[in-house]
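Work through the following exercises with the sequence and the coordinates open beside you, and try each task before reading its solution.

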Amino acid sequence: MTKELNVVILIAFASICGAIAQDSLTPTPSPIPEESASPSLTPEQSPSASPTRNVRISFVPPPLEGTISLGIYDGNGKLVRVLHQAAELDEFTVGADALVTQWDGKNEDGEDLPAGKYHARGYLVGHFKVEDLGQGTGSPTENNASGNVKVRLMPNPLANDERPMIDLGIGFDDENSFLKTIDGLPLCTVSKTPNLVRALITKSTEKSVDVWQDDGAVVEQFRVSNVDKMMAFDCGDFELK
């Protein structure tokens, strides 16, 4: 009886071991990944930067010590960019036979201008003398002050021009007042006075002008001498692509 019981236990144990071995040999199927319900997202492409539109501008500076103001003008003669304002010569690149600068094809607001023909010209401004005459005597109107006056410049021997006449005006921004051409090109700072509300100019002599500027509380008067110590120069036309 005991012998038969041992045989039964051995058979049962063998059956269990066989089952365990079969389970261990049976490969477990890898889980199949579920397909994503939403399509894969491609990285958003950033807009490509606007192509470089640098235009090389070169010119021979007139033979006069001073600073340079240079503007860019469109086909209608409108000033679209003040490229340099009262700049020193060392702010330009010295080329083989001329001074060189670059224009990025943008206007004063940093916006790209349309392709087309443009023109560059400017002035070499000599050493003006600015005197603060204090509070203005009389009103600017009584002194025939206006928006601009005519000034005869020094001739530029490199351009073979006679003494050109230009219209000189007075402008101001949040910080300064300045002499400018009638088309808006700044030439020379008159005073570092903020918050001006009005500025007028009148001719004092052939070589000097008087400026009245009003900040809403006080009217001040300045005299700018040697305004004839300027020479005009031209950089010619060029194509912006």
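The exercises below concern one strand, its neighbours and the protein around them.

The model is predicted, so local features need pLDDT of at least 70 and side-chain atom pairs count only at pLDDT 80 or more, while totals for chains, interfaces and linings use all residues. Residues are numbered from 1 along each chain as its sequence is written, and side-chain values use heavy atoms, with hydrogens and water left out.

**Exercise 1.** Determine how many residues of strand β13 (residues 208–214) are buried, and on which faces they lie.

Solution. Strands are DSSP runs of E with at least two residues, numbered from the N terminus, and buried means under 20% relative accessible area with a 1.4 Å probe, protein chains only. Seven of the seven residues of β13 are buried, so the strand is largely enclosed by the rest of the structure. In a regular strand the side chains alternate between the two faces of the sheet. Here S208, D210, W212 and D214 are buried on one side, and V209, V211 and Q213 are buried on the other.

**Exercise 2.** Identify the strands that pair with β13 and describe the connections.

Solution. Two strands pair if DSSP finds at least two bridges between them. Strand β12 (residues 198–205) pairs with β13 in the antiparallel sense over seven bridges; I201 has V211 as its bridge partner, and a hairpin through two residues joins β12 to β13. Strand β14 (residues 219–225) also pairs with β13 in the antiparallel sense, over seven bridges, with S225 as the bridge partner of S208. Four residues lie between β13 and β14 in their hairpin, where G216 in the turn has a positive phi of about 95°.

Conventions: Buried means under 20% relative accessible area, exposed over 50%, partly exposed in between (1.4 Å probe, protein chains only).
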